[in-house]
Amino acid sequence: MTGVISYLVFFLILALILSIAVLGLNLQWGFTGLFNAGVAGFIAVGAYVMAILTGPARDAVFGGFGLPFAVGLIGAMVAAGFAALLVGLVTLRLKGEYLAVATFGIAVTIQLVCLNWEYVTGGTLGLISIPNPARALADGPLAQNTLYLLIVVLVGSLAFWCFERIVQSPWGRMLKAIREDEEAAASLGKNPTRIRLESFVIGCMAMGLSGALYVGFIGYVSPSDFLPIVTFQIWTMLIVGGSANNRGAVLGAIIVWAVWTTSGFVISKLVPTEIQAQGGAMQAILIGLILVLMLLGRPRGLIGERISVSRHARF
Amino acid sequence: MAKHAVMANKESQPVLRLSGVSKSFGGFTAVDNVSFDLPNGAIGGLIGPNGAGKTTLFNTLAGMIEADSGQVVLGETPIHDLPPHQIFTAGLARTFQIPRPFQEMTVLENVMTVPASQAGEQFWNNILRPRKVAREEQANREQALSIIDFCDLTRVRGDAAASLSGGQLKLLELARVLMADPKVILLDEPAAGINPSLMVTLVDKIVELNKRGYTFLIIEHNMEVVMSICDPIMVMAQGKLIYRGDAEGARRDPAVLDAYLGDLP
């Protein structure tokens, strides 16, 4: 029983951490129509900045400032937002699949920089011994994880609330107007460049926050955590849950993460040992299959978009 | 709904002045050195055979296409160098020949999106100053609902724009631009593709709005509409402005007759 609860807590921590990144992507894709295919890159920026800011000092590696957890979270968001601003200024003239290709390339570049810039990122070894604030405050793994879950729920709820506030507003209306018809929005006085950039930066800040919470939980960061499969997972979560619906984003994160972890478990139990090495590929295929089936059968996701977004424009 | 106070002595002042506006695509001159004034409070009609350059001229005025040369002055403000969103906030609004609503938004939200500089358009105000945003939104909503009512869209105000009929979309286009209380409204073929009774309604609305002080410039192929409500009438052919004057004169002008009748076999 304790085992089940422990696992459930562990599962929820990761699912909710991922859901924050999904919220960020939802702002970009769901509401604004920005095809960000570089989610993993911005999560990585947040994760490494968290590790550098809060981790212990170490030889021959930059950082290890030992700053408080909360400072790390804020720093990670700021850094991811700044990275997004730079990327955004360069790429926001690109639309649709062009933006997707550009952001995908940027994410791969970020991952390769993490892999090779040893002085800052620790190279292939990554950065270890990142303090988890729950460790200092509770005894035993279950209590510690439960406490961390509380932190994640708290931060996640705050993020969710902020996203709901800014989306159900005149600002959110502008995002949707840009998504629906950018030229028409411009002809009605809206500045598409500014709106796209704001949406992109805020969405990426959520991804950075997600990366930081992840590192704070597992205690280390390594470049292999930010392969393109992560972007793929986040996208599937959004499509399954329902694009342009924040509740859908969270629901999708929980469901898809459940499928992912369950499939990993099932594969490890049922698949013959000779082909266990291909387990990861099988999981990726499964996620791809879910994505395709969802797009074919229920393209609006489990909870689709609400037609009226802003809270003062309802009937 | 907001109204312009039209001063009697200002009525003949031009509100929109074009001088030497030209636009070429490769070797093809779509708009060729077009100059005219539109008096404040007028309903100007822009007519001409297909391919005369009317819509290109509209796109140039609205900033969606950059002119090769020429000046456009709205009131006292030169607008030919501004991007589309700034031209709109300066007071020149346009509708599209084929309506371009925000499909997955309600009629009310389509209209409420329009007003410029809403406090809630700064995302942080929605978190830090929700009361101010709520107050503005309430006023915005009331104004939007009264414009929606004026445009006979009350029945569908909560529906997605995607579900509207062609005629309703034309009215929605009008409703959106009215929301900004513009100095000049460019209507691109408002009567095209709608049924005759709605056309009468639409013409009535334009005349009514004009009485309230709105200035219009209308591209229209329906000569009955143009001849009955438009003055002055500008005629374009092959990119050039070949006539500017009243309806009577247009009917008798040899160049105009040639431009239209010359097309016939």
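**Entry 1: the contact of chain A with chain B**

I count two residues as in contact if their C-beta atoms, placed from the backbone, lie within 7 Å. The model I am reading is a predicted one, and I began with the place where its chains meet. On that criterion the contact takes 29 residues from chain A and 34 residues from chain B. I then looked up which helices of chain B contribute, and found that α2 (84-90), α3 (107-112), α4 (125-128) and α5 (130-150) each supply at least two residues of the side that touches chain A. The largest share of that side, five residues, comes from α5(B). Sorting the side of chain B by class, I noted 16 nonpolar, 10 polar and eight charged residues.

**Entry 2: a helix pair in chain A**

Two packed helices are described by the angle between their axes and the distance between the axes. For helix α3 (residues 69-91) of chain A and helix α10 (residues 192-218) of chain A, I read axes that come within 7 Å and cross at roughly 145°. The crossing in which α3(A) passes α10(A) is right-handed. On the α3(A) side I listed the residues that meet α10(A), among them Phe69(A), Gly72(A), Ala76(A), Ala80(A), Ala84(A) and Gly88(A). Their counterparts in α10(A) include Leu197(A), Val201(A), Cys204(A), Gly208(A), Ala212(A) and Gly216(A). By class, the residues of this contact divide into 17 nonpolar and six polar, with no charged residue.

**Entry 3: domains of chain B**

Turning to chain B, I took the domain assignment, which gives domain 1 as 12-101 + 181-261 and domain 2 as 104-163. The centres of domain 1 of chain B and domain 2 of chain B, taken over C-alpha atoms, are separated by 29 Å. Where these domains touch, four residues of domain 1 of chain B are in contact with five residues of domain 2 of chain B. The residues on the domain 1 side of that contact comprise one nonpolar, two polar and one charged.

**Entry 4: a sheet in chain B**

I traced an open sheet of four strands in chain B, with the order β2-β1-β4-β5 and antiparallel pairing. At its edges I found β2 (28-39) and β5 (77-78) of chain B, each of which pairs on one side only. Strand β4 (residues 69-74) of chain B is joined to β5(B) by two bridges, the strands running antiparallel; the bridge partner of Val73(B) is Pro78(B) in β5(B). Helix α1 (residues 54-61) of chain B packs on the sheet, where I see that α1(B) touches β1 (14-25), β2 and β4 of chain B, and its direction makes about 65° with that of β2(B).

**Entry 5: backbone details in the loops of chain B**

Which residues are joined by a cis peptide bond? I found this bond between Asp231(B) and Pro232(B), with omega about 5°, and placed Pro232(B) in the loop between α8 (223-229) and β9 (233-237) of chain B.

I next looked at positive phi angles. Asp152(B) is not a glycine, yet its phi is positive at about 60°; Asp152(B) lies in the loop between α5 and α6 (166-178) of chain B. Asp152(B) counts as partly exposed because 16 C-beta neighbours lie inside 10 Å. Asp181(B), also not a glycine, has a positive phi of about 50° and sits in the loop between α6 and β7 (184-188) of chain B. Here 18 other C-beta atoms lie within 10 Å, so I entered Asp181(B) as partly exposed.

Note on methods. Residues numbered from 1 in each chain as written. Chains lettered and ligands numbered in written order. Predicted model: local features only at pLDDT ≥ 70, side-chain atom pairs only at ≥ 80, totals over all residues. Domains from an automatic or database assignment. Nonpolar A, V, L, I, M, F, W, Y, C, P; charged D, E, K, R; others polar. Pairing = 2+ DSSP bridges. Axes fitted to C-alpha atoms, helices over the stretch in contact; angles between N-to-C directions. Left-handed = near helix turned anticlockwise from the far one by under 90°. Buried ≥ 20, exposed ≤ 12 C-beta atoms within 10 Å, placed from the backbone.
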